[in-house]
Amino acid sequence: MHNKTSPFVTRMNYALYATIALTLLGGFILSIISWLEVCTQECSDAHHYQFFGLSFGMIGIVYFGVMILFHLIAFKIPLFTMLTGFMIAGGLGAEIMLIIIQKYVIGKWCPVCLSIAGMIFIAALSYFSLYMIELDLIIKKSKRGKIMQSIWKGISSISIFAVGFILTFVGIGKEDKLQAAQSAIEQNLVFGNNKSPVTVFVFTDWQCPACREAEPAIEKMFPSLSSKAQVVFVDLAIHPESLNFIPYNLSFIFRNKTQYIQLRHI
């Protein structure tokens, strides 16, 4: 006798798919909130931590955005159902580690972070339900090859869950504010192509006659030089009077970068 799928199972599948879609959308919105840092003091404490130097909010936006896309494509291409399930499994492992860190390291609960974890948990529970429905149907039809394939999906999901858990443990770290401030200062001092591996240092003294003679040539070559390399202007005060100009020069570098060459000439 040919067994047809129960209408209840079909309705259940659609309900679970809809639940997953809503939770992924919720996680995406909450990730935007986390990235914008529009939250409580407890959230602010959590924002001091990063994943391999990247913001958790930005990672969440990309993570949930990709999963929403995969979940929509899954209606047409079943392979993406499995890929979405694997991503949820890895995310669940990561969120469990983050909850442990909040409990024992940060010592405070971030409402937004916990809400994102809740979204992942609901999505994971829904996917597990879909997996069990699929496995039950395969077992009833006694398709051994399909049974083994389904078991391997489950084992792979557990493995990815473990990878997410371990990778988060390895990759999470507290932001070094001093290092970040130093990097920001260094970045502000640099003119030109920030991606260039070449840095050109221009040493001058404001009261040096030779420096003044060379200045027109420096101004002329600056546009071409800055398009190819990083350029840093350094005050090398040989004459005591030059010390008076250094604070103004630094102010122009930090606050008037686009007009710096004209201000330097003045």
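# Guided tour of a predicted helical model

Start by selecting Thr 23, which lies in helix H1. The model is a predicted one. Thr 23 counts as buried because its relative accessible area is 5%, below the 20% cut-off. Show whatever touches Thr 23, leaving out residues up to four places away in sequence: the partners are Met 119, Ile 122 and Ala 123.

**The whole chain**

Zoom out and colour by secondary structure. The protein chain contains ten helices and five strands. It has 266 residues, and 33% of them count as buried. Among contacts in the chain with a separation of 6 or more, 76% join residues 24 or more positions apart.

**The largest nonpolar core**

Next, select Ile 20, Phe 64, Met 67, Ile 88 and Ile 120. These are the residues with the most contacts inside the largest nonpolar core, which has 19 residues. At least two core residues come from each of helix H1 (7–36), helix H3 (56–73), helix H4 (79–106) and H5. H5 provides the largest share, eight residues.

Keep Phe 64 selected and display its surroundings. Beyond the residues up to four places away in sequence, Phe 64 touches Leu 24, Gly 27, Phe 28, Ser 31, Ile 116 and Ile 120. A second core, separate from the one just shown, has nine residues, including Phe 191, Phe 222, Val 231 and Tyr 260. Select those four to locate it. As background, nonpolar side chains tend to be buried together in soluble globular proteins.

**H3 against H4**

Three helix pairs come next. Two packed helices are described by the angle between their axes and the distance between the axes.

Select H3 and H4. They pack at an angle of about 155°, and their axes are 8 Å apart. The angle is over 145°, so H3 is roughly antiparallel to H4. The crossing of this pair, H3 and H4, is left-handed. To see the contact, show Phe 56, Tyr 63, Val 66, Met 67, Phe 70, His 71 and Ile 73 on H3, then Phe 80, Leu 83, Thr 84, Met 87, Ile 88, Gly 91 and Leu 98 on H4. Coloured by class, the residues of the H3 and H4 contact comprise eleven nonpolar, three polar and no charged. Met 67 and Ile 88, both in this contact, were also listed among the residues with the most contacts inside the largest core.

**H4 against H5**

Keep H4 and add helix H5 (residues 111–141). H4 and H5 pack at an angle of about 140° with their axes 9 Å apart. How does H4 lie relative to H5? At that angle H4 is oblique to H5. The crossing of H4 and H5 is left-handed.

On the H4 side, select Thr 81, Thr 84, Gly 85, Ile 88, Gly 91, Leu 92, Glu 95, Ile 99 and Gln 102. On the H5 side, select Cys 113, Leu 114, Ile 116, Ala 117, Ile 120, Phe 121, Ala 123, Ala 124 and Tyr 127. The contact of H4 with H5 has twelve nonpolar, five polar and one charged residues. Ile 116 and Ile 120, part of this contact, are also touched by Phe 64.

**H5 against H6**

Hide H4 and bring in helix H6 (residues 144–171). H5 and H6 pack at an angle of about 160°, with axes 9 Å apart. H5 is therefore roughly antiparallel to H6. The crossing of H5 and H6 is left-handed. From H5, Tyr 131, Glu 134, Leu 135, Ile 138 and Ile 139 meet Lys 146, Ile 147, Ser 150, Ile 151, Lys 153 and Gly 154 from H6. This contact of H5 with H6 counts six nonpolar, two polar and three charged residues.

Now single out Tyr 131, in helix H5. Which residues does Tyr 131 contact, leaving aside neighbours within four places in sequence? They are Ser 150, Ile 151, Lys 153 and Gly 154. Add a distance label from Tyr 131 to Gly 85: the two are 46 residues apart in sequence and 9.4 Å apart, C-alpha to C-alpha.

**Last stop: Glu 186**

Finish at Glu 186, found in helix H7 (residues 177–189). Is Glu 186 buried or partly exposed? Its relative accessibility of 43% makes Glu 186 partly exposed. Label the distance from Glu 186 to Val 232: their C-alpha atoms are separated by 9.6 Å, with these positions 46 residues apart along the chain.

Definitions and conventions:
Residues are numbered from 1 along each chain as its sequence is written. This is a predicted model: local features need pLDDT of at least 70, side-chain atom pairs count only at pLDDT 80 or more; totals for chains, interfaces and linings use all residues. Side-chain values use heavy atoms; hydrogens and water are left out. Axes are lines fitted to C-alpha atoms, for helices over the stretch in contact, and angles run from 0 to 180 degrees between N-to-C directions. Helices (H or I, at least four residues) and strands (E, at least two) are DSSP runs, numbered from the N terminus. Angles under 35 degrees count as roughly parallel, over 145 as roughly antiparallel, 65 to 115 as roughly perpendicular and the rest as oblique. A crossing is left-handed if the near helix is turned anticlockwise from the far one by less than a right angle, and right-handed if clockwise. Contact means heavy atoms within 4.5 Å. Ala, Val, Leu, Ile, Met, Phe, Trp, Tyr, Cys and Pro count as nonpolar, Asp, Glu, Lys and Arg as charged, and the others, Gly among them, as polar. A nonpolar core is a set of buried Ala, Val, Leu, Ile, Met, Phe, Trp, Tyr and Cys residues joined through side-chain atoms within 4.5 Å. Buried means under 20% relative accessible area, exposed over 50%, partly exposed in between (1.4 Å probe, protein chains only).
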